[in-house]
Amino acid sequence: LDQPTELDITVNRFTGAPLTNSDYARSYRQIEWAAFVQDNWKVTRRFTLNLGLRYEYFGVPWRTDGPPDYNLFYGPGSNLTQRLATATLQSKQPYSPDYNNFAPRFGFAWDVTGKGKTVLRGGYGISYDRIFNQIWQDLADNSLAYISLFCDFPRQCPFQYKFPAASGLPATNTTLGPYVTFQVDQKLRTPYAQSWFLGVQHQVTPSLVLELNHAGSLGRKLLALDDINRAFSNGPDDGSRINPNFNEISYRGNQGSSNYVSLQASAHQRLSHGVMFQVSYSLSRTRDNQSDPFRNPQTVNAN
């Protein structure tokens with residue numbers, strides 16, 4: 001009949017009305033600053049200390065061209081499942097500021113024998129990682145909903161065949177299709193890593209130097225994504241969700257962690273005429289529970 005049988009379109013989540021440009025447009029502002037102090041202290045002729053302290057504040061984004069985007073905030077309850085069951089969408093700041101981003105640094109170098117041939121070096125530091133924007137920018141989609149309207153046989157359609165397609169929507173629409181709600185943890189913290197190093201360097205001959213080093217790092221409060229409020233969340237025989245007011249929820253929080261340890265050995269040999277060769281070997285291991293926050297989401301207990 002040369003007529004459409006289905007209309008798939010995005011509408012205002014709360015009214016079902018067609019969208020306007022203001023439903024998509026966003027402008028944000030975020031204040032960030034940092035300061036650090038550092039000093040090298042030669043304690044003795046053979047021992048040097050490197051000391052430092054850095055502070056970083058990454059702020060919280062706020063919208064400048066309209067009300068804050070909707071975020072899903074947990075409700076009352078004695079556990080996560082109960083709090084998720086009473087969660088609601090609220091238009092306010094997505095998470096609270098993190099003022100605890102102090103990052104100390106420490107390092108040393110020690111001439112073990114005092115002859116300049118054997119040196120022991122070590123260091124430790126904490127580094128913070130700025131929360132990248134996509135974690136919270138997806139909240140803009142919480143004001144939108146995806147709907148699918150189907151025509152019944154024979155040719156009774158809940159929409160009209162018009163251009164643009166949004167002009168053919170019914171005056172009111174309550175049938176919202178399956179769409180994802182985005183949630184940023186209201187207590188989101190700044191991810192950080194602890195890194196350390198300990199190594200010894202020894203000059204065997206005037207042209208041969210050997211090194212043996214240990215290096216490692218721990219990533220904590222890393223950004224991660226989990227799909228919660230899935231179907232069958234209440235049990236294998238119950239297809240319902242913990243919160244029946246929402247479909248699947250894309251949760252973003254600090255549940256990620258990682259660790260890395262390594263043993264590194266190397267030899268440096270200087271030959272004549274400026275020729276040098278180096279042989280290195282590393283034995284290392286790295287582990288994490290989510291390598292990329294937007295790939296291969298894991299499950300959490302709230303499911």
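# Exercises on a predicted single-chain model

The chain exposes about 18000 Å², of which carbon and sulfur atoms supply 55%, with areas taken by the Shrake-Rupley method using a 1.4 Å probe, and for residues only the protein chains shown count as cover. The model is predicted, so that local features need pLDDT of at least 70 and side-chain atom pairs count only at pLDDT 80 or more, whereas totals for chains, interfaces and linings use all residues. Residues are numbered from 1 along each chain as its sequence is written, and side-chain values use heavy atoms, with hydrogens and water left out.

## Exercise 1: overall form

Describe the chain by its secondary structure, its dimensions and its contacts.

Solution. Begin with the elements: the chain has two helices and 15 strands, where helices (H or I, at least four residues) and strands (E, at least two) are DSSP runs numbered from the N terminus. Next take the dimensions, for which the C-alpha trace spans about 95 × 45 × 40 Å along its principal axes. The radius of gyration of the chain is 29 Å, while a compact globule of 303 residues would have one near 19 Å; the radius is taken over C-alpha atoms, and the globule rule is 2.2 Å times the number of residues to the power 0.38. Then consider burial: buried residues make up 34% of the 303 residues, with buried meaning under 20% relative accessible area, exposed over 50%, and partly exposed in between (1.4 Å probe, protein chains only). Finally, among contacts with a separation of 6 or more, 70% are between residues 24 or more positions apart, a contact being heavy atoms within 4.5 Å.

## Exercise 2: salt bridges

Work out which parts of the chain the salt bridge of Asp69 and Arg26 ties together, and then do likewise for Arg189 and Asp98.

Solution. A search of the whole structure finds seven salt bridges, each being a side-chain nitrogen of Lys or Arg within 4 Å of a carboxyl oxygen of Asp or Glu. In one of them the side chains of Asp69 and Arg26 meet at 2.7 Å, N to O. Asp69 lies in the loop between strand E5 (62-63) and strand E6 (70-73), and Arg26 in the loop between strand E1 (6-12) and strand E2 (28-29), so the pair ties together parts that are 43 residues apart in sequence. Asp69 is buried at a relative accessible area of 9%, whereas Arg26 is partly exposed at 22%.

For the second pair, the side chains of Arg189 and Asp98 meet in a salt bridge of 3.8 Å, N to O. Arg189 lies in the loop between strand E11 (181-184) and strand E12 (192-205), and Asp98 in the loop between strand E7 (88-91) and strand E8 (102-111), so this pair ties together parts that are 91 residues apart in sequence. Both Arg189 and Asp98 are buried. Salt bridges that share partners also join Arg26, Arg63, Asp65 and Asp69 into one network.

## Exercise 3: strand pairing around E8

Trace how E8 pairs with strand E4 and with strand E9.

Solution. Two strands pair if DSSP finds at least two bridges between them. On the one hand, nine bridges join strand E4 (residues 47-57) to E8, and the two run antiparallel; here Phe102 in E8 is the bridge partner of Tyr55. On the other hand, seven bridges join E8 to strand E9 (residues 118-128), again antiparallel, and Gly107 stands opposite Gly123 in E9. E8 and E9 form a hairpin with six residues between them, and Gly114 in the turn has a positive phi of about 80°.

## Exercise 4: the disulfide and the backbone exceptions

Identify the disulfide and its handedness, and then locate the cis peptide bond and the positive phi values of Asn229 and His273.

Solution. With a disulfide taken as a pair of cysteine sulfur atoms within 2.5 Å, the count comes to one. This disulfide joins Cys151 to Cys157, S to S 1.9 Å, and the link is right-handed, with 110° about the S-S bond. Cys151 counts as buried at 16% relative accessibility, while Cys157 counts as partly exposed at 28%.

Turning to the backbone, most residues other than glycine have a negative phi, and most peptide bonds are trans. A cis peptide bond joins Phe163 and Pro164, with omega about -5°, and Pro164 is found in the loop between strand E10 (144-150) and E11. Asn229 has a positive phi near 60° and is found in the loop between strand E13 (208-228) and strand E14 (249-270), where Asn229 is buried at 0% relative accessible area. His273 also has a positive phi near 60°, but His273 lies in the loop between E14 and strand E15 (276-288) and is exposed at 80%.
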